[in-house]
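Trainee: I'm new to this one. Could you walk me through how its parts fit together?

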Amino acid sequence: MNLILVAVIALGAIGLIAAVVLYVASKKFAVFEDPRIAQVASVLPQANCGGCGFPGCSGFAGACVKAADAGSLEGKLCPVGGAPVMEKVAAILGLEAVASEPMLAVVRCNGSCENRPRVVQYDGAISCRVAHSTSGGETLCSYGCLGCGDCVKACKFDAIRMNPETGLPEVDAEKCTACGACAKACPRSIIEIRPKGRIVKGEARRIWVGCVNKDKGAIAGKACAVSCIACGKCQKVCKKDAITIENNLAYIDPTKCIACGLCFNECPKHVIHASFSVPAPKPKVVKPVETTVASVDASQKSVAKEVPTVEKQQQQQ
Amino acid sequence: MKTFRIGGVHPAENKLSAGKPIVTAELPKVAVFPLSQHIGAPAVACVAKGDEVKVGTKIADAGGFVSAPIFSSVSGKVAKIDTVIDASGYRKPAIFINVVGDEWEESIDRSDTLVKDCDLEPKAIVEKIKNAGVVGMGGACFPTHVKLTPPPTAKPECVIVNAVECEPYLTADHQLMLEHPDEILVGVTLVMKAVNVNKGYIGIENNKPDAIKLMTEKAAQYPNIEIVPLKVKYPQGGEKQLIDAVIGRQVPAPPALPVSVGAILQNVGTMYAIYQAVQKNKPLFERVVTVTGKSLANPTNFLARMGTPMSQLIDACGGLPEDTGKVIGGGPMMGKALMNTEVPICKGSSGVLIMNQKEAKRAEAEPCIRCAKCVSACPMGLEPYLLANCSSMADWERDEKEDITSCIECGSCQFTCPSHRPLLDMIRLGKSTVMGIIRARNAKK
Amino acid sequence: MANKLIVSLSPHVHSGDSVQKNMYGVIIALIPALLVSLFVFGLGAAIVTITSIAACVLFEWAITKYILKREKCTITDGSAILTGLLLAFNLPSNLPLWIIIIGALVAIGVGKMTFGGLGCNPFNPALVGRIFLLISFPVQMTTWPTPGQLTSYTDAETMATPLSIMSRAIKDGNAEILNELPDSLSLFLGQSAGSLGEVSALALLLGFGWLLYKRIITWHIPVSILVTVFVLSGLMHIANPAFASPVYHLLTGGLMLGAIFMATDYVTSPMSHKGQLVYGISIGVLTVIIRSFGAYPEGMSFAIFIMNAFVPLINNYFKPKRFGEVAK
């Protein structure tokens, strides 16, 4: 009897003391946190990828609340959740979501073993950044993919994988959240985050230049079969002025590009990539049969005119 | 016998070309001069396609204070200004000169007479060195005039000449000392005068007894210059290690410079170049290069003009062996593996080392067994295993806390690692990242 | 050119050292002690050693292949052989086969492979095995056969070890009991009861010399342990003669074996020399305390085991002296 009593009292006393300590601690050390932060965080994906530019999802939630107090959610985007999540965030904060385009990581190198012959052998730590500081890479192209997979290691969504056949990374468009971790990890800035593109018949259409080689055409051409030699044909054929050529390299501005496919068909080195099957250029195949003498003359003249402009462009560079 | 106090390793010396006299290399057909041959801003070409140049004509101006001009080592016509794959493995701008004859600028004194006296003011000496394009010849290629212009608060006390040549295989400095001891000693007096100190040391490892003996004899007439024999240990040629070995002082962690403990460090090859620049009006356009390797028929020390492709020197040594696996610019511990043998000789090319396939291939890395051999070997008192680990986990903050910026990249850790781990690869990655973070932080302030 | 040039960052040469060389180096250093144990315990020693090594290698192979499913098998690096040998050295020569096999399974399976294999284990695997057996089979693990029974195995006659005599002396507070101890020379050469590897201090010191000569280990850990034990037990001996003299402490039990071979295990010892000294001194102090005041007569393995747990902390606090660092 006595034993039981002692046990009950002892346990009760311990419980009581603990309760008091806990109560005092919870009052004394309480930190006020805006309840909206927790609410916003609850609709975020909780991947803590940092793709938004803030340290983790709760950091992003805090930033959103702060931005909401300032009046607008502009510039705040969770690349993982995209527009639906941002709409929910905006609803919690009583604001309108700022529309943003869905984005995607794009690999701008096609230097597979076939296209880009290896001239030396790299024998160091399996890290692109180490390989990048070792030498120009295993090939004569000192701009292209090094193939050690830093981007794969950086991806938290398993959206980028090395293709063992080509030795190049491939992005899984379904899984990619455009968080930009791979683009940051790549020492050669081969990966670019671009808009997914115009949706036509259920597929997103985008076109990009699959090369980042800034060497002169002759050197780039020797290093890789599918390198941009800055011939300027794509720039000329583009009706939207979306293509610029700088430092011996063509670049397609995704905000201007309408994914018509003209440049894709024009590129002599097949450097331009498309996410869809671009229809073959019809007119060129059909025309020779129907053309009259006059029109042939005209087209020859136009060719004669074009040639010097190409040269001019090359000289300018 | 003196040596530095912390860490160090003993790689096999393999000084195959030791004692072989310096051979003057043939002139190349086309000489190639990369514009960035030194640490700092690249030089700016001051010739154009078609210009006629002579040996010793300036072809590129310094691109800033921490930079150095470049001089033609050949006479002929500028063929083009294009790009070439240099020792870094990347394409860099370079001047190409088609060689015609061998006509020298008249201002250069080509006689062999030793000119001991120099009436120039200290500033004038530094100016002359600067205008001759002299850079550190040990491999780092730091412009010499910058080193000879210490910050006004620093008080240099002595000049320490690095004649250690602790890299295995290389013998260029050794042979230079045997053939030109007087010129080197005059060079030392010039540097002492330029920085206004009256004590000079020349540190030589005792695997070169003939050089120690000769230099000690010759230095007898210079009471202020002391020859310091040193125990063989790598990396004695690291500037911090050499200061510790010779005068027993340790330079604090970066950004402190050697001059903070009163020492001005120079390579022995630089001494020779300084002598020629100041006393003979001869700018820096040729240097001694060791071309060596176990598989090479005839390892040789060459006096080669800058811009000579390495393949030409290799051919003169009996040609590139069939089983070549690696061509290294510099020594085996700190040199750079080259993409091809057409890389031209530059100001910092102390050697060309050929390795066969078997020597060249790294063994497969195994897990770290925490044997602490890298910690014992590190001459900077760092923990390489930890730094490499943090770098591979991208923990840059920890890297910084563990003093990764003190690493001198000597390679002792990776050399000694029984698990063959690429420690230095990862540490370099961490070091450059941390340096970038520190620079960005300082820029913000 | 047929071969492609190789590019990599410097250094381009290697010392030629390897994990294998180190492991086999330690194994070679253990050979004198093995020979002494064969000479003293005969057949039993041979059976225990062979069983332990074979079981360790077999378990490592099986776990790598069937549980971890790794392609590369690590049994050739010598670490499993070394664990087996060290485990055997910590066992009495009359231990039944099945207990040895359980010990090997615990050593390799629990002590090493659960943490990811060589290089990842926080505790010395052989010690994990030994301590597991010591706690699970206290009777079998603490009856040692009398030396000189060369042809007997589990049927060997047993006797008390010097350590249990020392322990008894302390408990009774009677210094007379210590007179039962064999003289120190026979302890040094190896004529007393005990585990396989601990009988001869001389053989172990020979191994220590080889390890130092081959630069496999540095002097810091063994010397700091031995000196600490000597000084501490010496002080206690002066204070109260019931505590055995420091020479006995050095020569008996697993002290030499532990200090030279178990505490210096690469994976589970600190990285900096400073840390190694702290580790060694702590092991020495713990050993003397456990030996003098603990329930078990032998404290070496527990001391090492406890300090293994502190190694990450030691690594964190005791850094090597940085170059140019000003002493504070």
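Here are some questions and answers about the chains and their domains.

Trainee: Before we start, what should I know about the model and the numbering?
Mentor: This is a predicted model, where local features need pLDDT of at least 70, side-chain atom pairs count only at pLDDT 80 or more, and totals for chains, interfaces and linings use all residues. Side-chain values use heavy atoms, leaving out hydrogens and water, while residues are numbered from 1 along each chain as its sequence is written, and chains are lettered from A and ligands numbered from 1 in the order in which they are written.

Trainee: How many residues of chain C are in contact with chain B?
Mentor: Contact here means heavy atoms within 4.5 Å. On the chain B side, 63 residues take part, and they meet a set from chain C that numbers 39 residues.

Trainee: Which three residues of chain C supply more of the area buried against chain B than any other three?
Mentor: Buried area is the accessible area (1.4 Å probe) that two parts lose on being put together, summed over both. Between chain C and chain B that comes to about 4300 Å², with carbon and sulfur atoms giving 55%. The trio supplying 20% of what chain C buries there is His12(C), Met271(C) and Phe323(C).

Trainee: How many salt bridges are there between chain C and chain B?
Mentor: The rule wants a side-chain nitrogen of Lys or Arg within 4 Å of a carboxyl oxygen of Asp or Glu. Asp403(B) and Arg322(C) give one of them, at 2.7 Å from N to O. The count between the two chains is 6.

Trainee: What kind of aromatic pair do Trp104(B) and Phe285(B) make?
Mentor: Rings of Phe, Tyr and Trp (its six-membered ring) pair if their centres lie within 6.5 Å; planes under 30 degrees apart count as stacked, over 60 as edge-to-face and the rest as tilted. These two have ring centres 5.3 Å apart and planes at 75°, so the pair is edge-to-face.

Trainee: How far apart are the C-alpha centres of domain 1 and domain 2 of chain C?
Mentor: The bounds come from an automatic or database domain assignment. Domain 1 of chain C covers 19-140, and domain 2 covers 153-187 + 218-316. Their C-alpha centres lie apart by 22 Å.

Trainee: And how much area do those two domains of chain C bury between them?
Mentor: Carbon and sulfur atoms account for 73% of it. Asn94(C), Phe123(C) and Leu127(C) supply 25% of the area that domain 1 buries against domain 2. The total between the two domains is about 2000 Å².
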